[in-house]
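Q: Please take me through this structure with a close look at a single part. Start with the whole chain, then zoom in.

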Amino acid sequence: MACTSHDNYWEDFAVGTRYEHARGRTVSNEDNLAITHQTLNTAQAHFNLDFLSGLMDGAFEERLVMGAVNLAIIIGLTTEDMSENAIADVGMTEIRLTNPVYREDTLYASSEVVDVRESTREDAGLMTYRFTGRKADGTEVATGLRTVMLKKRSHWAEADGNAAGGELDAISA
């Protein structure tokens, strides 16, 4: 069952619809260091302050948060609205990391639906959205396209408890 909404099945999305996602997430140093080291990323700008101080004449004030960490947080911020009923991630393309992120930066996300189409599965459809991640001051830090395979209400709502008169309807009434 969808945890926070019953209006994010495939049928609910329309090209051009924009979302400003409600939650933000402050990046911690632990987020950056854990993922950087777990993935064996050897780019010292993510974990070596001494090295970083001499890089590009000291252009960076703090360890750079690895791009994959930023993307994971931004995609996570979009999921409640965009992919809570996802069956599968199909792909991400056109990824751009446009500005650096540092520990203690708070990230926010917005999305726009760019494509809604049938899939090879009768019980699911495909939806593609453009996501944008920004710092609290509005500085864009990442953009890209994400395609997800979503449940169709016509096949899943009753089993999810989201049919007319279902649990979520009673909660929101």
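What share of the contacts in the protein chain with a separation of 6 or more comes from residues 24 or more positions apart? After that, look closely at strand E5 (residues 124-135). How many of the 12 residues of E5 are buried, and which strands does E5 pair with?

A: One thing up front: this is a predicted model. The share is 73% of the contacts in the protein chain with a separation of 6 or more. Those contacts join residues 24 or more positions apart.

Here is the wider setting. The protein chain has 173 residues, and 42% of them count as buried. Its secondary structure comes to five helices and six strands. Read from the N terminus, the order is β-β-α-α-α-β-β-β-β-α-α. The C-alpha atoms fill a box of roughly 60 × 35 × 30 Å along the principal axes. The accessible surface comes to about 9,200 Å². Carbon and sulfur atoms account for 51% of that surface. The chain carries 15 positive and 28 negative charges. The mean positions of these two sets are 3 Å apart.

Now zoom in on E5. Of its 12 residues, 10 are buried, so the rest of the structure largely encloses this strand. To count as buried, a residue needs a relative accessible area under 20%.

Take one side of E5 to begin with. Strand E4 (residues 106-118) pairs with E5 in the antiparallel sense, over 11 bridges. E4 and E5 form a hairpin, with five residues between them. Two bridge partners help you follow the pairing. Asp-115 has Thr-128 in E5 as its partner. Leu-107 stands opposite Lys-135 in E5.

Next comes strand E6 (residues 140-151). E5 pairs with E6 over 11 bridges, again in the antiparallel sense. These two strands form a hairpin as well, with four residues between them. In that hairpin, Gly-138 takes a positive phi near 95 degrees.

Thr-128 is a handy residue to track. It is the bridge partner of Asp-115. In E6, the bridge partner of Thr-128 is Thr-147. One general point helps when you look along a strand. In a regular strand, side chains alternate between the two faces of the sheet.

Which residues does Arg-117 touch, leaving aside its neighbours within four places in sequence? Arg-117 is found in E4. Its contacts are Trp-10, Gly-125, Leu-126, Thr-128 and Thr-147. So is Arg-117 buried or partly exposed? It has 33% relative accessibility, so it counts as partly exposed. Gly-161 sits 44 residues from Arg-117 along the chain. The C-alpha atoms of these two are separated by 25 Å.

E4 has further partners to look at. E1 and E4 run antiparallel, and three bridges join them. Here Arg-18 stands opposite Glu-112 in E4. Strand E2 (residues 25-26) also pairs with E4 in the antiparallel sense, over two bridges. Arg-25 stands opposite Leu-107 in E4. Leu-107, in turn, stands opposite Lys-135 in E5. That leads you from Arg-25 to Leu-107 and on to Lys-135.

Stay with Arg-25 for a moment. Its side chain meets that of Asp-31 in a salt bridge, at 2.8 Å from N to O. How exposed are the two partners? Arg-25 is partly exposed, with a relative accessible area of 32%. Asp-31 is at 18%, so it counts as buried.

The structure holds 13 salt bridges. Another of them joins Arg-153 and Asp-12, at 2.8 Å from N to O. This pair links distant parts of the chain, with the two positions 141 residues apart. Arg-153 is in helix H4 (residues 153-160), while Asp-12 is in the segment before strand E1 (18-20). Arg-153 is partly exposed at 28%. Asp-12 is partly exposed too, at 30%.

Compare that with Asp-160 and Lys-151. They form a salt bridge, with the closest N and O atoms 3.1 Å apart. Both of these residues are buried. Lastly, a network of salt bridges links Glu-62, Arg-63 and Arg-103.

Back to your strand, then. E5 pairs with E4 over 11 bridges and with E6 over 11 bridges. Of the 12 residues in E5, 10 are buried.

Conventions:
Residues numbered from 1 in each chain as written. Predicted model: local features only at pLDDT ≥ 70, side-chain atom pairs only at ≥ 80, totals over all residues. Heavy atoms only, no water. Salt bridge = Lys/Arg side-chain N within 4 Å of Asp/Glu carboxyl O. Buried < 20%, exposed > 50% of the residue type's maximum accessible area, 1.4 Å probe, protein only. Contact = heavy atoms within 4.5 Å. Areas by Shrake-Rupley, 256 points an atom, 1.4 Å probe, with all protein chains shown as cover. Lys, Arg positive; Asp, Glu negative; His and termini not counted. Charge placed at Lys NZ, Arg CZ, Asp CG, Glu CD. Pairing = 2+ DSSP bridges.
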